[in-house]
Amino acid sequence: MNNTSPDNSNVADSLPVIARETTATRLRNFWSDYCESRVALIALFIIVVLTIGAFGAPWLVPQDPYDLSLLEWSDAFLPPGEVGSGGYTLLLGTDNAGRDMLSAILYGLRTSFVIGLSAGVLALTVGIIVGLSAAYFGGRLEALLMRIVDLQLSMPAILLALVLVAMLGQGVPQIILALVVAQYAYFARTTHGAASVERRKDYIEAARSTPLPTRRIMFRHLLPNVLPPLIVVATVQVASAISLEATLSFLGVGLPLTEPSLGSLISNGFKYIHAGRYWLSIYPGIFLMITVVAINLVGDQVRTVLDPRNSR
Amino acid sequence: MSKPLLTIDQVSKRFTRKPGLAERLAGRLTGGGEPVVVHALTDVTLEVARGEVLGVVGESGCGKSTLGRVVAGIHAPSDGTVMLDGKPITRDQRGTAEKLTTQVQMIHQDPFASLNPRMKVGETIAEGPRYHKIIPADAVSERVGSLLEQVGLEAAYADRLPHQFSGGQRQRIAIARALAMEPELLVLDEAVASLDVSIQAQVLNLFMDLQRNLGLTALFISHDLSVVRHVCDRVAIMYLGRLVELAPAKDLYERPLHPYTSALFASVPTVGTGKRVFEAIQGEIPSPINPPPGCAFHPRCPQAGPRCRREVPRLAQADELRTVACHLNDGGVA
């Protein structure tokens with residue numbers, strides 16, 4: 001509305017309600033509420049650093065772990081702090097094939113982030129479509145979709161993912177697909193719960209009696225009003241997708257070691273842990289733990305900030 | 001009366017709640033579990049002339065809101081037809097109503113629920129006309145501004161979200177949204193019931209001005225008899241899904257014919273006449289799942305006779321302008 005009166009000060013005087021609130025100020029409020037938790041702020045900082053490390057890995061680390069020609073057998077099992085044949089200090093040591101652990105971990109982190117984020121976003125999309133349609137149309141469609149979702153939620157996600165990966169085979173797209181199938185149910189359930197409440201409100205009826213087409217009502221009216229709880233679930237589910245992928249790789253059905261992910265690195269080093277070569281498993285494990293905990297802490301704080309009972 | 005704008009012809013609306021699978025299984029073991037049918041509207045026939053404001057009055061649960069929703073195209077009637085200017089308002093699409101016209105718009109009771117909380121009010125007002133190409137795309141924002149001014153707000157409010165407005169202001173926005181579609185008929189479902197009395201008067205005056213200036217036809221649903229008297233040309237009284245009396249507002253208030261109408265008026269406490277006692281109608285409104293046989297009002301009617309228990313009274317012409325469904329006006333109750 002650019003041609004309407006720009007005289008805001010005058011209008012604000014005549015409006016006897018709370019101060020003018022734009023998207024920018026709402027974001028600012030969100031940010032200042034978020035910052036109230038020191039822990040959550042640190043967690044966010046850690047995620048940012050890890051993300052930069054993971055996606056900047058090709059420029060940050062000395063070795064490309066995908067390039068097998070760079071590996072030297074003489075470098076195998078060097079402990080942290082040694083200098084290998086490459087001439088640089090191996091901060092986190094090397095593995096059984098002479099891979100630099102730091103390089104492998106950051107590349108692995110990148111794989112984990114890519115898998116976690118894309119599985120999360122895809123599962124969110126599928127979950128939203130399933131949950132919204134079930135809540136909006138109701139009846140048999142709702143009964144059918146939500147019973148399937150309930151059935152899936154009653155099984156551990158890891159079991160389903162394990163079966164799917166075993167069927168689909170190894171590889172990043174296969175893992176993402178397995179994670180989406182295992183995780184969309186959480187999004188569908190959350191969307192359905194929030195949307196069945198919003199569905200009965202008069203603004204939906206008003207849109208129907210205008211009339212506006214169904215798809216427009218679902219995505220322009222219903223969806224924005226069920227989004228806040230979904231953001232929280234999405235954060236937590238990204239963390240859970242990352243650890244699920246690590247679990248699958250650890251169990252040997254995820255990614256091969258030539259395409260390192262945190263899970264396969266842990267799994268690879270696990271054999272040597274009793275031989276005193278702790279660094280093969282421990283360091284990727286620590287990175288995995290920090291990542292998952294940090295994402296969960298951020299998710300918790302987002303939940304706290306978005307909770308209307310906390311608004312002052 | 002010239003050709004009516006809105007024709008409601010023998011409309012019935014039943015809501016069926018089918019039991020779920022688990023209930024059906026339990027029902028097979030223990031008996032029961034059959035679908036529950038609520039008779040929300042039974043055989044309602046009405047005509048509304050162009051430019052007329054028709055009041056619909058009744059206790060809660062009498063079907064007046066269902067009537068409004070059927071007219072506004074949210075529900076399709078189970079039987080009968082609802083026509084606007086000779087064209088049906090809805091088509092039944094596998095159980096859900098598909099609305100065929102933009103000429104009927106509705107204003108809801110609760111302005112805190114009827115505006116999308118995450119959509120700017122300008123967008124809320126503009127969405128319908130933009131989608132239906134009622135206003136040329138380059139004129140939309142101008143039109144939104146003038147609509148806001150028309151309902152007594154400022155054009156610059158278009159950029160705000162609903163929670164920045166008070167109840168009365170929101171109801172004005174809801175009116176602007178309805179007017180943006182350039183409707184012939186407005187359905188107001190208890191449109192002022194949730195507002196403060198002082199704000200009610202403002203919104204009612206706004207509505208009456210707009211109605212007169214734009215030549216709007218309106219279905220004004222309310223339980224508030226004094227508001228209805230103030231606003232409406234004719235009034236329809238409903239009881240348990242049926243129309244019991246239909247008369248010009250003035251005649252109805254001066255001389256109600258149906259015992260239910262008299263009872264309604266008797267139950268209104270008044271200020272000024274010195275009347276201190278008011279009579280509540282005896283008993284409860286019966287369940288629309290199991291309506292009583294004969295006249296639905298007979299269990300509570302002080303003048304009921306044996307005929308009322310046997311026979312459903314038909315809506316009959318009482319005089320030139322009024323119709324009433326009561327055996328008292330149609331050969332006696334004996």
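This passage describes the architecture of chain A and chain B, their contact and their shared core in a predicted model.

Chain A is built from helices, with 12 helices and 0 strands, and its elements accordingly read α-α-α-α-α-α-α-α-α-α-α-α along the sequence. The C-alpha atoms of chain A fill a box of roughly 75 × 50 × 35 Å along the principal axes, and buried residues make up 44% of the 312 residues in the chain. Among the contacts in chain A with a separation of 6 or more, 66% are accounted for by residues 24 or more positions apart.

Within chain A, helix 9 (residues 202-209) is largely enclosed by the rest of the structure, because 8 of its 8 residues are buried. The buried residues of this helix are D202(A), Y203(A), I204(A), E205(A), A206(A), A207(A), R208(A) and S209(A). Their cover is drawn from both chains: it includes helix 8 (172-199) and helix 10 (214-250) of chain A, together with strand 7 (96-99) and strand 8 (104-107) of chain B.

The contact between the chains involves 30 residues of chain B and 23 residues of chain A. On the side of chain B that touches chain A, helix 3 (121-131) and helix 4 (140-150) of chain B each supply at least two residues. The composition of that side of chain B by class is 13 nonpolar, 10 polar and 7 charged residues.

Chain B contains an open sheet of 4 strands in the order 2-1-4-5, with antiparallel pairing. Strand 2 (36-49) and strand 5 (87-88) of chain B occupy the edges, and each has a single partner strand, so one side of each is left without a neighbour in the sheet. Strand 1 (residues 4-17) and strand 4 (residues 79-84) of chain B are paired in the antiparallel sense over 5 bridges, and D9(B) stands opposite T81(B) in strand 4 of chain B. Helix 2 (residues 64-71) of chain B packs on this sheet, where it touches strand 1, strand 2 and strand 4 of chain B, and the direction of the helix makes about 65° with that of strand 2.

Parallel pairing is found elsewhere in chain B, around strand 9 and strand 10. Strand 9 (residues 185-189) of chain B is largely enclosed by the rest of the structure, since 5 of its 5 residues are buried. Both of its faces are covered, with L185(B), V187(B) and D189(B) buried on one side and L186(B) and L188(B) buried on the other. Strand 9 of chain B pairs with strand 8 of chain B in the parallel sense over 4 bridges, and the bridge partner of I107(B) in strand 9 is L188(B). A further 5 bridges join strand 9 to strand 10 (residues 217-222) of chain B, and these two strands also run parallel; here L185(B) stands opposite T217(B) in strand 10. Together with helix 6 (residues 197-214) of chain B, strand 9 and strand 10 of chain B make a right-handed β-α-β unit.

Strand 10 of chain B is likewise mostly covered, with 6 of its 6 residues buried. From this strand T217(B), L219(B) and I221(B) point one way, whereas A218(B), F220(B) and S222(B) point the other way, and all are buried. Strand 10 is also joined by 5 bridges to strand 3 (residues 53-57) of chain B, in a parallel arrangement, in which V56(B) stands opposite I221(B) in strand 10.

Nonpolar side chains tend to be buried together in soluble globular proteins. In this model, the largest nonpolar core has 173 residues, of which I105(A), L179(A), V71(B), L219(B) and F220(B) touch the most other members. Helix 5 (residues 101-137) of chain A gives the most to this core, with 18 residues. The surroundings of L219(B) illustrate the core: apart from neighbours within four places in sequence, L219(B) is in contact with V48(B), L54(B), V56(B), G68(B), V71(B), L185(B) and V187(B).

A contrasting environment is that of D330(B), which lies in the segment after strand 14 (323-324) of chain B. D330(B) is partly exposed, because 17 other C-beta atoms lie within 10 Å, a count below the 20 or more required for a buried residue. Once neighbours within four places in sequence are set aside, D330(B) is in contact with P313(B) and A316(B). D330(B) and P313(B) are 17 residues apart in sequence, and their C-alpha atoms are 8.2 Å apart in space.

How values were computed. Residues numbered from 1 in each chain as written. Chains lettered and ligands numbered in written order. Predicted model: local features only at pLDDT ≥ 70, side-chain atom pairs only at ≥ 80, totals over all residues. Core = buried A, V, L, I, M, F, W, Y, C linked by C-beta atoms within 7 Å. Buried ≥ 20, exposed ≤ 12 C-beta atoms within 10 Å, placed from the backbone. Contact = placed C-beta atoms within 7 Å. Pairing = 2+ DSSP bridges. Axes fitted to C-alpha atoms, helices over the stretch in contact; angles between N-to-C directions. Nonpolar A, V, L, I, M, F, W, Y, C, P; charged D, E, K, R; others polar. Right-handed = clockwise from strand over helix to strand, strands pointing away.
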